[in-house]
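Here are a few exercises to work through with the model open beside you. Try each one before reading its solution.

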Amino acid sequence: MSGTGPAPTERAGEIGARVEAFVRETVAPYEHDPRRDAHGPSDVLVAELRAKAREAHEELAAVFDAFAADPDQWVAIITGSGLKAFCAGHDLKQQASGGGMATPPSGFAGLTSRFDMTKPVIAAVNGVAMGGGFEIVLACDIVVAVASASFALPEPRVGLAALAGGLQRLPRSIGLKHAMGMMLTGRRVTAEEGMRLGFVNEVVEDDVVEAAKRWAQDILACSPMAIRATKEAVLRGLDEPTEVFLHRQWSMPAMTAMLASQDAVEGPAAFAAKRSPEWGGR
């Protein structure tokens with residue numbers, strides 16, 4: 001993986017083309033075990049970051065910095081290590097011992113305050129996603145969850161509030177009343193209920209990472225320039241009237257880059273020639 005940030009801890013998994021960032025996290029004591037293994041041309045970064053201590057936040061921030069900066073990395077998948085937890089949130093024991101709630105400028109897990117990320121990020125939720133863990137999920141673009149996963153923003157039950165984007169993103173995802181029902185009680189919802197409410201895209205019974213890779217493959221069939229332009233325009237346009245943003249979207253950085261790209265030439269040419277496009281991401 002080129003660009004800034006830590007060296008890859010593991011290169012693994014051939015999933016087609018450019019799913020190049022694959023970030024693992026869990027809630028066990030923090031540990032970082034570097035390992036490498038080459039499997040084909042596609043580099044999949046696996047950083048097993050155990051616990052939401054400050055060190056884990058900083059390392060994930062560096063991972064996503066490198067992912068965002070590398071033009072050859074197109075999609076990221078973030079999941080949990082093991083079978084029980086995606087992420088159980090902020091380390092309350094650390095806070096109780098005077099450790100505070102500090103996170104990098106890019107937010108919880110280096111993602112929740114990263115508002116300039118135009119590349120797609122998929123959450124493969126393999127278990128419990130509580131508090132900050134659920135806020136990581138809400139900051140992702142696509143959410144695939146195992147049937148046994150559960151989600152909640154239980155911060156009020158410990159005298160806190162969901163300050164890593166949950167208070168803003170959940171109402172946008174599922175509507176005010178459903179969101180208030182979760183946030184004012186701290187109640188858990190299942191993966192199936194999450195899909196009915198609208199913050200989960202797919203629920204699977206077995207390998208959630210493989211399911212996320214299927215979504216990634218579908219994304220990779222599209223021009224990465226068009227994907228970035230689409231994501232940027234959608235998220236930036238949420239707060240503006242349609243009649244205003246319909247015109248302003250043409251001047252968005254990812255949109256102007258797409259319109260000036262080789263991909264914008266390749267797509268129509270491939271369609272006219274009745275062949276599959278060869279995206280360059282440039």
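**Exercise 1: a bridge from helix 1**

D65 is partly exposed, at 37% relative accessible area (buried means under 20%, exposed over 50%, partly exposed in between, with a 1.4 Å probe and protein chains only). A quick word on the ground rules: this is a predicted model, where local features need pLDDT of at least 70 and side-chain atom pairs count only at pLDDT 80 or more, while totals for chains, interfaces and linings use all residues. Residues are numbered from 1 along each chain as its sequence is written, and side-chain values use heavy atoms, with hydrogens and water left out.

Task: find which residue forms a salt bridge with D65, and work out which parts the pair ties together.

Solution.
- Step 1. Apply the rule: a side-chain nitrogen of Lys or Arg within 4 Å of a carboxyl oxygen of Asp or Glu. The partner is R114, with the closest N and O atoms 2.8 Å apart.
- Step 2. Place both ends. D65 sits in helix 1 and R114 in the loop between helix 2 (92-99) and strand 5 (121-125), so the bridge ties together parts 49 residues apart in sequence. Helices (H or I, at least four residues) and strands (E, at least two) are DSSP runs, numbered from the N terminus.
- Step 3. Check the cover. R114 is buried, with a relative accessible area of 11%.

**Exercise 2: the length of helix 1**

Task: does the end-to-end distance of helix 1 agree or disagree with the span its residues should have?

Solution.
- Step 1. Get the expected span, which is 1.5 Å times one less than the number of residues. For the 16 residues of helix 1 (residues 54-69) that gives 22 Å.
- Step 2. Compare: the end C-alpha atoms of helix 1 are 23 Å apart, which agrees.
- Step 3. Look at the buried residues in helix 1, which include A56, L60, V63 and F67.

**Exercise 3: two more bridges**

Task: the salt-bridge rule gives nine in total; look at R187 with E193 and at E210 with K213.

Solution.
- Step 1. R187 and E193 meet at 2.8 Å, N to O. R187 is partly exposed, at 33% relative accessibility.
- Step 2. E210 and K213 meet at 3.4 Å, N to O. They are three residues apart in helix 7, so about one helical turn separates them.
- Step 3. Recall the geometry: an α-helix has 3.6 residues a turn, so residues three or four places apart point the same way.
- Step 4. Compare cover: E210 is partly exposed at 40%, whereas K213 is buried at 15%.

**Exercise 4: positive phi**

Task: are A109 and K274 buried or exposed?

Solution.
- Step 1. Most residues other than glycine have a negative phi. Phi of A109 is near 60 degrees, and phi of K274 is near 55 degrees.
- Step 2. A109 lies in the loop between helix 2 and strand 5, and A109 is buried at 0% relative accessible area.
- Step 3. K274 comes in the segment after helix 11 (263-272), and K274 is exposed at 79%.
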